[in-house]
Amino acid sequence: MKKYIYILLSLTLYVSCTADFEEINTNPNAPVAVQPSLLLRQVIYDYGEQLSYEGFVAGNLLGQHLTALDFNLFDRHALNSPQLGGNPWGIFYKNLRDNERILQQSKATETFAVYEGPALIFKAYMTMGLTDLFGDVPYSEAFTGDLGIVRPKYDSQETIYTSKGGILDNLEQGIAAITSYQGVQTLEGDILYDGDLENWVKFANSLRIKALMRISAKEDVAASLQALVTEGNYLTTNADNAVFEFNNGEPNNFRMARLRAGDFNNFVMSETIEDILTGLNDPRINVLFRPFANATTTAYNGLLNGIDASQTTISLSDYSLAGTIFRENTGMLKANYMTAWETDFLLAEAALKGWITADARTLYETGVTKAFAYWNTEIPSDYLTTTAAYDNTVGLQQIITQKWIANTINGYEGWIEYRRTGFPVFKNVSASLNNGLIPIRMPYPAEEATLNTLNYTLVADKTANNSINFPVWWDQ
C-alpha cells in the first residue's frame, strides 16, 4: 500500500518568562507541546528523506556506486569539502533530538506509553548510523541542556554499542516495552508499519542482527545471533521491510526529482559498479542506470571515481546516468531503513563463519531473490546457477557484493560494509586528495571545533587529528 506522508513544517515550543505570564497569555486553542504522533511522523520521514538524498549524492560516491563529473572534491576524498551532501552530522542530531522528545513523553505520560518501544528502537537505529560513520560521538550527554550540559562529551563507540542505554540495550529494551505494553492507545504517526507493533519487534530484531555482525570482529556474537535465529522473529519477507515509498509528485518525491537537471546530471555510473553488474550480467543495471547517450545499442558506461575535472575533459553523453527511478519515476523508489534481504545477507555471513546453524548458500540465494524483487526486477532463471552461483570459497565476497548492489539507495551502507569486510573490491580514485587511500571514517564537522572545543580536542587527539584514515572501534 502506498504511504503518502504530509509533514508538519514547523514544530514550535513556547517558554514563559514569569509565573503569571504563561497563565495570562496561553491560547487555549494552540498547542504548547508537540504530540508524539506528529514527532514520530516527522522523525521517520525527515531522517529517511534526508539520508536517502545523502546516500545518493555523498554515500554513493564513497561506496563507488556513482561518480561525480564536475569539480567534486568529496569524490576525490577531501571529505572536509562536502558538496550537495556529505555532512550528515546535523541530520542525525536533529532527528535524535526530536526522537528523544518522544521518548521523554512516553515515559512521563501514561497515554503516550505506546511510543516508548518504537522510540527506543529508532534511537538505536539512528545512533548506529551516526557512530558507524564518525566513530566516537556525543551520546550520553547529548540533549541534556536542561541539566546545564551544553558541551557534551564524546562517548566511545564501544560504549555506545555495548553499554546500558546503548544500541544493543535500547533494541532489547524497545522490544520489552512493546511486548509488555497493555494500553489501548494505538501508535499514530507510524509511516513505517501503520501502528503494527509486531512488525516493530521484527524490525528491532533485524537491527540486533545487524549490530551484532557489525561489531563481530571485537565481540563474541555467536550465541546472541543463534538465539535470534532460533526465535526467528525478524524481517523475513519484503512485506516486512522497514521502508516508505516515495511518490512521483511533490512534496514526497525523491529529492533528486526536485533538483535542477544540472545537479542530477553531475552523477553518473561508477566504473566499479559497471564492472560488477556487467560481470554478473545483472539486469538490475536497467533499473539503477540508463544507457549512455552516445551508445549505438543499449550499453552502459561507468567512470572511475575521483576525476580532476579541471584537468580532464568529460562528456556527459559518454557515461550512464542514474536510472529514471531516481528522478522521473520516484514513485517506484523506497526509503530503506532495514529489509529482509539485508537480514538474509547478514545471516548468510554468520552461517559462512560458523556462528549460526544455517545454510549460507540458502540464505544467500534467498537474499538475492528478495533483493531483485525489491528493485522491481525479475531474476533470471539461471542467475543463481551461472554468474552469481554461490561458491563457498569466495562466499563472503559474493554475499557482501550482493548486499552492496541492493543498497544503492543507501550508499553509506555500502561504504561502511566495505570498511568492515573489504568487499566489494573498490578501485583507486583517479585524482586522490587523500594520498591514494580510501577513507575509513567521516571527519567531525568544523563547527564541533568551535562550539564544543574541549571535547572536540580530546577526540581529535584520539583520531590522529580527526583523520579520515583512522579506523572506528569495530574496524581496529
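**Exercise 1.** Determine whether D46 is buried or exposed, and describe its surroundings.

*Solution.* Step 1: D46 has a relative accessibility of 13%, so D46 counts as buried; buried means under 20% relative accessible area, exposed over 50%, and partly exposed in between, with a 1.4 Å probe and protein chains only. The structure is a predicted model, in which local features need pLDDT of at least 70, side-chain atom pairs count only at pLDDT 80 or more, and totals for chains, interfaces and linings use all residues. Residues are numbered from 1 along each chain as its sequence is written, and side-chain values use heavy atoms, with hydrogens and water left out.

Step 2: D46 is found in helix α2. Helices (H or I, at least four residues) and strands (E, at least two) are DSSP runs, numbered from the N terminus.

Step 3: Leaving aside residues up to four places away in sequence, D46 touches K94 and N95; a contact means heavy atoms within 4.5 Å.

Step 4: With the side chain of N95, the side chain of D46 makes a polar contact of 3.0 Å. A polar contact is a pair of N or O atoms within 3.5 Å; within protein, one must be able to donate a hydrogen and the other to accept it, and residues adjacent in sequence count only if both atoms are side-chain atoms.

**Exercise 2.** Locate S106 and state which residues it touches.

*Solution.* Step 1: S106 is found in helix α3, residues 89–108. Step 2: S106 counts as buried because its relative accessibility is 4%. Step 3: A polar atom of the S106 side chain lies 2.7 Å from the backbone oxygen of L103. Step 4: Not counting residues up to four places away in sequence, S106 touches F112, A113, Y115 and E116.

**Exercise 3.** Explain why helix α15 is described as largely enclosed by the rest of the structure.

*Solution.* Step 1: In helix α15 (residues 411–421), 11 of the 11 residues are buried, and therefore the helix is largely enclosed by the rest of the structure. Step 2: Among these buried residues are W415, R419 and R420. Step 3: The buried residues of α15 pack against α2 (36–62), α4 (116–134), α7 (197–214), α12 (340–352) and α14 (395–406). Step 4: G422 follows α15 and has a positive phi, near 85°.

**Exercise 4.** State how many helices and strands the chain has, and what share of its residues is buried.

*Solution.* Step 1: The chain contains 17 helices and six strands. Step 2: Of its 476 residues, 57% count as buried.
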